[in-house]
Amino acid sequence: MDSQQSDHLSKRWIHIRRILERSGPFCSPGFSASPDNLEFIMKTCKILVIGAGGLGCELLKDLAYLGFRDIHVIDMDTIDLSNLNRQFLFRRKDIGSSKAECAAEFINKRVPGCNVQPHFSKIQDFDETFYRQFHIIVCGLDSVVARRWINGMVLSLLNFEDDGSVDQASVVPIIDGGTEGFKGNARVILPGITACIECNLDLYPPQVTYPLCTIATTPRLPEHCIEYVKVIQWEKENPFGVSLDGDDPQHLSWVYEKAQDRANQFHIIGLTYRLVQGVLKNIIPAVASTNAVIASVCATEVFKIATACYESLNNYMVFNDVEGIYTYNFEAERKQDCLACSNVPRPVTIDDPTAMTLENLISFLCESAEFQMKNPGLTANINGKNKTLYMSTVKSIEERTRSNLTLSLVELGLVDGQELMVADQTTPNTIIIKLKFAVQEVEMN
């Protein structure tokens, strides 16, 4: 490297060096001013960005310009035309290509020395070994399910000392950002130490979902009929030989007709063409300026945690620029009986176990604000034997356990204080719930 290049690099990072190479009144107590801090960012620190959409593009740009060079990005989506108005790393020629791969290529060309490695896949495709290699994970997701899954994954990485405290070396912080229109939020999660995603699940707007067992066997709403056609009938009949497209009038008309037939079969009213559009597309508005603000906050928190130069956010920030600009910080508290980060089974009160069926219980787990599950599978230890009560994700097991859906909890042999093991797509780990009968079951004659 000649002197001219060296001088250019020195000037390029001068503002970062001013932060990392001298102390100040707002520095974290553990901060040690040194050139080694920038060295760590550039040569050692490994960052994982989940999502390469509106937030993800901003995050990759911000992190690269802060000096981070070893960055991985995961995204399972491809680029479509509607992305180009705010996801600035993509061009028209990229339509149909992987978001992760195009974003990585753009950043690597634009920022010399940066090495962004793309992963065109789902987060569920990787195991603990993959996630354990990163110093910090930063999320730019539009899915609560994906947030909950990665939250469960980093919690499973934790190791504990003999006194039950968390081994700090096993903590992989999560910086999570989210936007919806002109509103956004950013939060810092230290797994096992501060509130996790599940601790404050009610902070996220509820995403309407319907249990597969309900839409397949006992639909009650017009939305159930639409979901049945979308999830089951389209895949089975595949009328146009392609994936379902919520923007294609032909696809919408076909779904509407089939859903109307099912609604008529179960005497359900209220199904409209507009409702079909709403259920299929589930559009969340996106504003480029909001993405930029939230991504900058998240990238700043990554920088602060990686270098300890300032205290990190404690631990939740709300942003709103509908009328002017408003921000508010507060500390989200850990929930002592959290499904994910506590070892305490979550109690579920059952008013009448002789009247509540297994299907009712599954619907409750999906529809209640505290659980918000998607498609739970339930297993219990009954009389010393593990028994699968219901599981829809494996066809052979679903067929074998379908008859259990109409049985009451008492008929299934479940008792007061019974612990159920629940598997769901919202977490990589099995969670445990504990049944609490408000009315004790009567003896069966």
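This briefing walks through the sheet, two residues in their surroundings, and the cysteines of the structure above. Please keep in mind that the model is predicted. At its centre of interest here is an open sheet of 8 strands with mixed pairing, and helix 4 and helix 12 are among the elements that pack on this sheet. The count of disulfides comes to 0.

**The sheet and its helices**

- Reading across the open sheet, the strand order is 3-2-1-4-5-6-7-8.
- Strand 3 (115-119) and strand 8 (326-330) form the edges, each pairing on one side only.
- On average, neighbouring strands of this sheet are turned by 15° against each other, with direction ignored.
- Strand 2 and strand 3 run parallel where they pair, over 5 bridges; Val-73 has Pro-118 in strand 3 as its bridge partner.
- Helix 4 (residues 54-65) packs on the sheet and touches strand 1 (46-50), strand 2, strand 3, strand 4 (136-140) and strand 5. The direction of helix 4 makes about 140° with that of strand 4.
- Helix 12 (residues 288-307) also packs on the sheet, in touch with strand 1, strand 4, strand 5, strand 6 (183-189) and strand 7 (316-320). Here the angle is about 170°, taken between the directions of helix 12 and strand 5.

**Gly-178, in a strand**

- Gly-178 belongs to strand 5 (residues 174-180) and is buried, at a relative accessible area of 5%.
- Beyond its neighbours within four places in sequence, Gly-178 is in contact with Leu-55, Arg-147, Lys-183, Gly-184, Asn-185 and Ile-294.
- For a longer-range distance, take Ala-332: this residue is 154 residues from Gly-178 along the chain, and their C-alpha atoms are separated by 16 Å.

**Asp-94, in a loop**

- Asp-94 sits in the loop between strand 2 (70-74) and helix 5 (99-110).
- With 8% relative accessibility, Asp-94 counts as buried.
- Setting aside residues up to four places away in sequence, Asp-94 touches Ile-79, Leu-89 and Cys-102.

**The cysteines**

- A disulfide is a covalent bond between the sulfur atoms of two cysteines.
- Cys-196 is in no disulfide, because the nearest cysteine sulfur, that of Cys-338, is 3.6 Å away, whereas a disulfide needs the two sulfur atoms within 2.5 Å.
- The sulfur of Cys-341 has its closest cysteine sulfur in Cys-199, at 3.5 Å, which is too far for a bond.
- Cys-196 is buried, with a relative accessible area of 1%, and Cys-341 is buried as well, at 14%.

Terms used. Residues numbered from 1 in each chain as written. Predicted model: local features only at pLDDT ≥ 70, side-chain atom pairs only at ≥ 80, totals over all residues. Heavy atoms only, no water. Buried < 20%, exposed > 50% of the residue type's maximum accessible area, 1.4 Å probe, protein only. Helix = DSSP H or I, 4+ residues; strand = E, 2+ residues; numbered from the N terminus. Contact = heavy atoms within 4.5 Å. Pairing = 2+ DSSP bridges. Axes fitted to C-alpha atoms, helices over the stretch in contact; angles between N-to-C directions.
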